[in-house]
Amino acid sequence: FIQMLRGAKKRDILQLLRISPKETRPFLVEAAVATQSVASLAALSEFLDFSKDPKSLLEKFLNAAAFSPRPSGELLQLVLDKLDGKQLAPEIWETGIIAVGSLVGKLCQQKLCGLQVVEHGVETILRGLRGAQEEPQVVIYLLALGNAKLPEAIPTLLEHAEDGPTAVTAAATSALQRLPAPHISSKVKQAMRRIFHQKRRSYDKTCRLAAAEILLDNHPLPMDVINILLATSQMETEMATFLLLKIQNSLRDYHHPAKKIMKDIMGDPRINNYNFFSKVGISSSFSGPLAVTQDMTSTFGLDLLFLEGGFLRKSISDFSLFSHGQRLRVAQVTFEAQGMESMVGENLSQGEEDPELMAGMSATFFDVQLRPVVFFQGYTDLMAKVLLSSGEPTSVVRGNLLLMDHHQVIPLQSGLQVTVKLQGGLGLDISADMDVSIWEQELKTSVTPRGSLAMDFQAELDSPFLQATLRSQTDVETSIHFDTKLSFSSSPVLMCLQLREEQVPYR
């Protein structure tokens, strides 16, 4: 369909969008974004009306733009034009700003940071961040900077990480975690030490753990590893258990940059002893391979951080690919619940701010952070959701994405030329759900990523005396269900984890 649209004129694409049934319109918008021809972008610009069109269609357009593998400056300009100076629904504005961050980051990866439209995109995010008055708006701009992965944004991220309220600090440290290792400078590490060791003020446990991970995952100094280990003896049981398991897990991780340093430190009996590693909390951190080939390793990781009273504070399930020293986060889903301490009669740590009751989820796919989803905020909202729950899972992202779009002409020694084309498309449907039962004292979470990948390869030799074509088509479908169930009505807390993978048809 994309190949067909590449040869179409603006008026034909516009006519197609206008006369198509509502059910097929999202697919056509995604295809037009993936095409990225002058005609298709002009047709989208005229067709999309951000003041009238349904939110679902506009989100489809913005998500398709954010996931574009090699976006053009014109696509970024189209998104900026559609967001500029309009009164938008909060969901559309948030998705749009996050998409701008993703487009800026991908254009900079293509060495196009100097384009005027990219500079305008960066300024849009930074100016919005400076002028943002409300905490949720600040968080969205910080998530956009995380998608952009810009080294010049580091001072801004550090300022918000150290001085902001819990949600802002969490978003800023999350954005810093996504920066490539060469950008994690001594200045960044110094700030992370201050957050982890609480030199200036008290920080939420999730923010301190994120700061520790930045120190451990980016060529750490032996002294940093030792200081983090020593600090666990002063921590609450659950936080210490989680951190110690994280460090032990890195020893088994073939790809971890600190593996050798950790091994050397663990050779010291003053560190590697029962006193340090006898914490008996229920928090856990696990990572292991799903599939290994000569060039690539796919892994599944699960982090579970509990409160001292047994309630789940944060869970992260992660599916990643490692190849030639590079990491791609294919899917990372985070569930977070805060303010539960008061519900289970648990006291806050000294100096820790009393957070509002809230549960939500955030997701990253193919290194693109999506708009966070809030399940409930405040006790009244929780009661309403419990009483009026439909039982239907929340759709995180659903759509069709162009993952690969490669075109190359290869000259042969004989003087002939071979034209190679490779396209890869992904149909994605991710849903997630969190169910809290106050009466039965149970917490259930479920994540279901479903996807189908189609690849089309064609090599063509065309000369006056010889014509030959080699064509290969591949498609694969997969579905994974990851469920957790916690019962905290008695001690110890009972927990059930289930990871189910359906049969994978490969054609």
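A polar contact, as used here, is a pair of N or O atoms within 3.5 Å; within protein, one must be able to donate a hydrogen and the other to accept it, and residues adjacent in sequence count only if both atoms are side-chain atoms. Keep that in mind for the domain interface below. What you're looking at is a predicted model, where local features need pLDDT of at least 70 and side-chain atom pairs count only at pLDDT 80 or more, while totals for chains, interfaces and linings use all residues. Residues are numbered from 1 along each chain as its sequence is written, and side-chain values use heavy atoms, with hydrogens and water left out.

Let's start with the whole chain. The protein chain has 18 helices and 12 strands, taken as DSSP runs (H or I, at least four residues, for helices; E, at least two, for strands) and numbered from the N terminus. Its radius of gyration, taken over C-alpha atoms, is 24 Å, close to the 23 Å that the globule rule (2.2 Å times the number of residues to the power 0.38) gives for 507 residues, so the chain is as compact as a globular protein of that length. Along the principal axes, the C-alpha atoms fill a box of roughly 80 × 55 × 45 Å.

Now for the domains. The assignment, which is of the automatic or database kind, gives domain 1 (282-387) and domain 2 (389-506). Between them, 30 residues of domain 1 are in contact (heavy atoms within 4.5 Å) with 25 residues of domain 2. The buried area is about 2400 Å², with carbon and sulfur atoms giving 89% of it; this is the accessible area (1.4 Å probe) that the two parts lose on being put together, summed over both. How many residue pairs are in polar contact across this interface? The rule finds 0, counting pairs with both residues at pLDDT 80 or more. On the domain 1 side, α18 (379-388) is among the elements that each supply at least two residues, and α18 gives the most, with 6.

Salt bridges (a side-chain nitrogen of Lys or Arg within 4 Å of a carboxyl oxygen of Asp or Glu) are another matter: the structure holds 25, but 0 are found across the interface of domain 1 and domain 2. One pair is Glu 91 with Lys 55, whose closest N and O atoms are 3.1 Å apart. That pair links helix α7 (residues 90-109) to helix α5 (residues 55-67), the two partners being 36 residues apart.

Finally, a look at the backbone. Most residues other than glycine have a negative phi. Phe 366, though, has a positive phi of about 50°, and Asp 367 has one of about 65°. Phe 366 sits in the loop between β5 and β6 (368-369), and Asp 367 is found in the loop between β5 and β6 too.
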